[in-house]
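Hi everyone, thanks for coming. I'd like to walk you through one structure today, so have a look at the screen.

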Amino acid sequence: MSIDFHPTAPRPVEETEPLRDSRETNPMFNDQKMKLGLFGTNCSYGLVMSHAPSTYEVTWAHTKEIAQRADALGLEALVPIARWKGFGGTTNFNGNCFETYTWAAGLAEATENIAIFATSHLPTVHPIVAAKMATTIDRISGGRFGLNLVMGWVTPELAMFGEQRQQEDRYAFGQEWIDYVLQLWGEKGSFEHHGTYFDGVNLESYPKPVQAPRPVLINAGNSKSGIDFSARNVDINFASLDTLENMKDYTTAIKDKARNDYGRPLSTMTYGLVVARDTEKEAKEVFQQVIDMGDYGAAENVINIALSGSAGSFEHAREFQERFVAGWGGYPLVGTPEQVVEGLGQLNEAGMDGMIMGLVDYNEELKYFGERVMPLMVQAGLRQ
Ligand SMILES: Cc1cc2nc3c(=O)[nH]c(=O)nc-3n(C[C@H](O)[C@H](O)[C@H](O)COP(=O)(O)O)c2cc1C
């Protein structure tokens with residue numbers, strides 16, 4: 001017996017069309033020269049592999065307070081870490097962690113203007129489920145949602161889901177995954193998908209997201225296949241780089257690639273620990289305390305994974321052990337508000353369109369950041 005599930009009356013337009021242009025609804029497309037976000041406020045210890053004192057904790061009340069403070073300050077983005085297992089050591093770094101789609105849904109309701117991302121390990125979610133969750137969060141947030149597409153490079157956690165693919169194959173899988181999600185977001189009527197990894201018939205997904213042409217996409221691939229994936233598919237690439245010179249080369253190359261090979265614009269952002277204090281001495285002491293109280297067991301595990309699992313993206317990991325302890329391998333900005341703004345300006349000149357920050361104590365330090373650093377960014381022409 002065949003049952004026809006197709007509706008016999010036309011679907012209403014609110015179901016079949018995206019509601020608004022993402023450039024109007026999503027702050028990732030605003031005209032701030034140097035965008036700002038927070039990274040890792042859903043996972044224990046955030047970006048800091050250390051017992052350095054902090055009030056930061058992974059409770060719903062606390063993560064929500066951070067989000068609301070960032071929103072009130074006018075930051076552009078909240079980007080969570082996708083994590084299923086801690087890195088061991090005395091902190092079990094990142095091991096106490098909220099799942100990111102559901103986290104984003106809660107924060108979408110709790111905030112007004114900021115863009116909220118889910119960081120999705122693509123092999124762990126079926127495209128039909130992901131497309132629908134993303135649409136739902138986009139609707140909750142009024143078009144402020146975005147997806148950070150990650151392939152999964154931390155083998156012990158991906159092993160929780162079964163066997164992990166080889167690096168190249170991860171991006172081939174990711175390409176089919178996002179193509180499938182784009183179909184689900186865009187296609188009207190029912191369609192089929194026949195690929196290498198997924199097979200589906202009589203497919204549909206309603207309603208469509210708020211954002212047209214689609215919710216904002218980011219990817220942090222830094223290997224050859226990761227860079228190609230970003231250039232082809234996303235709005236923003238996140239890069240993990242050590243020097244300003246390397247950043248300049250990287251941002252120029254990846255933006256050129258997106259434009260020349262795929263005819264699309266691409267922005268780039270980086271990340272790192274920001275420590276701003278009234279004096280340089282004070283800021284350096286706080287940074288040093290993070291290092292002195294570091295969890296070198298966890299850091300060693302992270303570095304070993306970074307060296308073995310990422311096809312060269314973290315090739316300087318061993319050399320930069322302190323940067324891992326204090327900022328997950330990102331680019332640190334430590335000093336007075338003036339020095340931090342100078343650093344943000346240098347990143348911007350190196351082609352970075354924004355930075356997602358780790359803070360030792362997100363909630364407390366955000367207050368200072370809003371009062372002392374952001375006004376100087378306006379003076380420096382980095383923000384309006
Ligand atoms: C800013 C940033 C955020 C990232 N967030 C995550 C994450 O939350 N979970 C994860 O498994 N990988 C994350 N990654 C890892 C990347 O997705 C990517 O796999 C890694 O940079 C290695 O690059 P490759 O996959 O091109 O080798 C992140 C990387 C960067 C630079």
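How do the residues of the lining of the second largest pocket divide into nonpolar, polar and charged? Keep that in mind for a moment, and remember as we go that what you're seeing is a predicted model.

Okay, the pocket. The second largest one has a volume of about 250 Å³. There are 13 residues lining that pocket, and those closest to its centre are Arg 23, Phe 29, Asp 235, Leu 266 and Ser 267. Now back to my question: the lining of this pocket has 6 nonpolar, 2 polar and 5 charged residues.

Next, the cavities. The structure has 2 cavities of 30 Å³ or more. Let's take the second largest cavity, which holds about 40 Å³ of space. Which residues line the second largest cavity? They are Val 274, Ala 276, Arg 277, Leu 359, Glu 365, Tyr 368 and Phe 369. By type, that lining splits into 5 nonpolar and 2 charged residues, with no polar ones. Two elements, strand S11 (267-276) and helix H14 (362-379), each bring at least two residues to this cavity lining. H14 contributes the most, with 3 residues.

Now for the backbone. Where do we find cis peptide bonds? One joins Tyr 206 and Pro 207, and its omega is about 0 degrees. Pro 207 sits in the loop between strand S7 (199-203) and strand S8 (211-212). Another joins Ala 212 and Pro 213, with omega about 5 degrees. For Pro 213, look at the loop between S8 and strand S9 (216-219).

Still on the backbone, let's turn to phi. Tyr 45 isn't a glycine, yet its phi is positive, near 70 degrees. You'll find Tyr 45 in the loop between strand S2 (35-39) and helix H3 (60-73). Trp 328 also has a positive phi without being glycine, and here the value is near 55 degrees. Trp 328 is in the loop between helix H12 (321-325) and strand S12 (333-335).

So is Trp 328 buried or exposed? Its relative accessible area is 6%, and the cut-off for buried is under 20%, so Trp 328 counts as buried. Tyr 45 has a relative accessible area of 31%, and partly exposed covers the range between the 20% and 50% cut-offs, so Tyr 45 is partly exposed.

That's my tour, thanks for listening!

Technical notes: Residues are numbered from 1 along each chain as its sequence is written. This is a predicted model: local features need pLDDT of at least 70, side-chain atom pairs count only at pLDDT 80 or more; totals for chains, interfaces and linings use all residues. Side-chain values use heavy atoms; hydrogens and water are left out. On a 1 Å grid over the protein atoms alone, a cavity is a set of points where a 1.4 Å probe fits but cannot get out, and a pocket is an open set with protein on both sides within 12 Å along at least five of seven lines; lining residues have an atom within 4 Å of a point. Grid points are joined across faces, edges and corners, and a volume is the space filled by probe spheres set on the points. Helices (H or I, at least four residues) and strands (E, at least two) are DSSP runs, numbered from the N terminus. Ala, Val, Leu, Ile, Met, Phe, Trp, Tyr, Cys and Pro count as nonpolar, Asp, Glu, Lys and Arg as charged, and the others, Gly among them, as polar. Buried means under 20% relative accessible area, exposed over 50%, partly exposed in between (1.4 Å probe, protein chains only).
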